[in-house]
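Biologist: Please take a close look at the start of the chain, and then say how that part relates to the rest of the fold.

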Amino acid sequence: MTKLKVLIPLDGSEYSEHVIPPLLNLVKPETHAIVLVRVVPHAHGMTGGGTKPASIEMLIPEYESERAAVQAEHPIFASQAAETAIGEANDELAPIRRRLEERGFTVESTVLMGNPAHEIERFAADAQIDMIAMTTHGRTGLTKLLMGSVAEHVIRHVRVPVYLQRPGAGTLAEAHSGH
């Protein structure tokens with residue numbers, strides 16, 4: 001029997017994990033697989049800017065600042081920054097994945113780069129997700145207009161059911177430890 005795939009987008013905050021305890025009252029390890037997704041921003045490298053002459057008389061190159069000189073000598077390329085961000089996000093997902101596996105669930109986890117709303121939408125379609133479960137900030141009015149809403153975008157653009165949970169349910173770690 002093929003298990004239904006439930007996507008849980010997590011943003012790295014404990015707040016985003018509040019969807020998990022109530023969700024576990026709805027889904028069972030025998031019939032559902034969990035897919036954890038973390039979306040991180042696109043990585044940017046850090047390299048020193050170009051040099052400028054120290055003065056008109058002296059053509060010895062000089063950097064704008066000591067930081068620019070250090071970055072020129074030890075650049076961090078976008079690919080290195082991306083690898084670091086992905087590794088850190090995977091490390092953050094590991095304990096959540098482990099606790100879900102201890103409860104008998106089949107769990108996948110993946111890290112994506114880009115705009116969270118668009119990446120969740122794309123991933124849900126590509127991975128043939130059956131349901132999405134996420135915490136919502138519950139913003140309204142001007143705050144929602146200014147900050148946007150990942151949950152609202154997901155609801156409007158995916159073709160699968162979306163389970164939204166307002167914060168307050170606690171995290172899986174708290175449920176696991178009996179708090």
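Modeller: M1 lies in the segment that precedes β1 (4-9). This is a predicted model. M1 is exposed, since its relative accessible area is 81%, and exposed means over 50%. Beyond its neighbours within four places in sequence, M1 is in contact with E30 and T31. E30 is 29 residues away along the chain, and its C-alpha atom is separated from that of M1 by 9.3 Å.

From β1 the view moves to the interior. V6 is among the residues that touch the most other members of the largest nonpolar core, along with I8, I34, L36 and L100; this core has 20 residues. At least two residues each come from β1, α1 (20-23), β2 (32-40), α3 (78-102), β5 (106-113) and β6 (131-135). The largest share, four residues, is supplied by α3. Leaving aside neighbours within four places in sequence, V6 has contacts with L23, V27, H32, A33, I34, V35, M131 and A133. One of these contacts of V6, V35, belongs to a second, separate core of 15 residues, which also includes V37, I132 and V158.

As for the whole protein, there are seven helices and seven strands, in the order β-α-β-β-β-α-α-β-α-β-α-α-β-α from the N terminus. Of its 179 residues, 33% count as buried. Among contacts with a separation of 6 or more, 79% are between residues 24 or more positions apart. The protein exposes about 10800 Å², and 54% of that area is supplied by carbon and sulfur atoms.

Conventions: Residues numbered from 1 in each chain as written. Predicted model: local features only at pLDDT ≥ 70, side-chain atom pairs only at ≥ 80, totals over all residues. Heavy atoms only, no water. Buried < 20%, exposed > 50% of the residue type's maximum accessible area, 1.4 Å probe, protein only. Contact = heavy atoms within 4.5 Å. Areas by Shrake-Rupley, 256 points an atom, 1.4 Å probe, with all protein chains shown as cover. Core = buried A, V, L, I, M, F, W, Y, C linked by side-chain atoms within 4.5 Å.
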